[in-house]
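Q: Please take a close look at one part of this structure. Walk me through how it packs.

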Amino acid sequence: MNYTGRYPSSRPRRLRQSDWVRRLTREHRLSVDDLIWAMVVHDGAEDEIPVAAMPGVARYSVRAAAEAAKRAAKLGIPAIAVFPHIDAAKKDATGKEALNKNGLICTAVRAMKDAAPDVGIMVDVALDPFTDHGHDGLLRDGRIVNDDTVKVLTEQALVQVEAGADIVAPSDMMDGRVGAIRTALDAAGKHDTLIMSYAAKYASAFYGPYREAIGSGKLGSGAVANPGDKRTYQMDFANSDEAMREVAMDVAEGADMLLVKPGMPYLDIVARVKQEFGLPTYAFQVSGEYAMIKAAAQNGWIDEDRAIIESLTAFKRAGADGIVTYFAPKAAEMLG
Ligand code: PBG
């Protein structure tokens with residue numbers, strides 16, 4: 001009997017036939033070690049103020065943030081990325097509240113490090129939570145001025161590191177800021193402070209819910225005229241080679257870790273960055289991605305838990321070493 005050609009020569013389904021063999025052949029594994037918890041803080045007394053556009057996410061008071069840091073430690077979450085919701089009364093055109101040593105971020109960082117010294121604390125370096133116009137930098141004649149903004153960002157990074165931040169994450173996309181921050185940190189003796197640069201950050205619709213979360217409103221609601229969006233500094237979502245140039249600059253300037261943002265629509269960028277540079281590379285599953293999963297799950301259209309694990313594992317498959325995500329505590333519980 002000649003069976004040639006009667007049966008497929010390979011049957012990939014053999015490797016999927018049961019749980020034990022699926023586990024045995026699994027290529028990528030998501031673990032709690034991969035998670036950075038994205039967390040919003042406010043300076044009021046109320047412990048938790050829910051963010052409507054992000055069901056399940058609340059702005060924490062400083063006290064609640066310290067408790068959350070303890071929870072992160074218990075869950076084994078390695079790090080927290082903290083973002084401030086600043087009182088509108090404290091905002092101005094230059095975002096000077098960003099340099100307040102006793103401001104919300106510094107106070108929260110101190111409280112969190114006190115409560116859970118072994119949890120890494122990452123802070124955003126950018127002016128948007130502090131400016132009344134909502135831009136990440138300083139505006140002059142309706143344009144974001146690069147080099148003067150870099151000076152302020154460098155000061156901001158120093159103030160945050162002085163308060164105890166372990167990782168500074170410039171998310172502003174000004175040219176040259178990683179080098180300026182590295183130089184200033186080294187001059188201040190802060191050789192061990194890590195820089196995770198938002199190396200490839202795109203001008204994205206997926207940041208929508210974040211504006212509510214940090215209360216930065218619509219761009220242009222401030223007193224100063226502005227160009228209306230962030231496209232003169234954040235990247236065009238049609239570009240990929242440009243991301244490699246941005247990353248190369250940040251690496252040359254001293255970035256220790258790289259971040260790609262947003263996450264899921266940009267897995268190709270995550271993969272390229274990891275392959276071409278080989279540095280620890282992270283993806284940010286941003287507010288809009290969180291909101292989409294939540295909204296669909298609330299309607300009964302997708303299974304939330306499965307969507308969380310699938311989306312986070314997809315980042316690992318693309319090459320990410322970890323993920324900044326609002327789902328971190330929930331994912332950690334599921335993985336635990
Ligand atoms: C600000 C900043 C943004 C986010 C993190 N840092 C918004 C923006 O750049 O407009 C977005 C986070 C999210 O959407 O979850 N520099």
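A: What follows is about one helix and its partners. This is a predicted model: local features need pLDDT of at least 70, side-chain atom pairs count only at pLDDT 80 or more, and totals for chains, interfaces and linings use all residues. Residues are numbered from 1 along each chain as its sequence is written.

Start with helix H2, residues 62-75 (helices are DSSP runs of H or I, at least four residues; strands are runs of E, at least two; both are numbered from the N terminus). Its axis comes within 8 Å of that of helix H3, residues 104-115, and the two cross at roughly 35° (axes are fitted to C-alpha atoms over the stretch in contact; angles run from 0 to 180 degrees between N-to-C directions). The crossing is right-handed, with the near helix turned clockwise from the far one by less than a right angle.

H2 brings Val62, Ala65, Ala66, Ala69 and Lys70 to the contact (C-beta atoms, placed from the backbone, within 7 Å). H3 answers with Thr107, Ala108, Ala111, Met112, Asp114 and Ala115. By class, eight residues are nonpolar, one is polar and two are charged (Ala, Val and Met count as nonpolar, Asp and Lys as charged, Thr as polar).

H2 also meets helix H11, residues 328-335. The buried residues of H11 are Ala328, Ala331 and Ala332 (20 or more other C-beta atoms within 10 Å). They sit on the same side of H11, because they cover an arc of only 100° around the axis, taken from the directions to the C-beta atoms. The buried residues of H11 pack against H2, strand E1 (35-42), helix H10 (304-318) and strand E12 (322-325).

Definitions and conventions: Contact = placed C-beta atoms within 7 Å. Buried ≥ 20, exposed ≤ 12 C-beta atoms within 10 Å, placed from the backbone.
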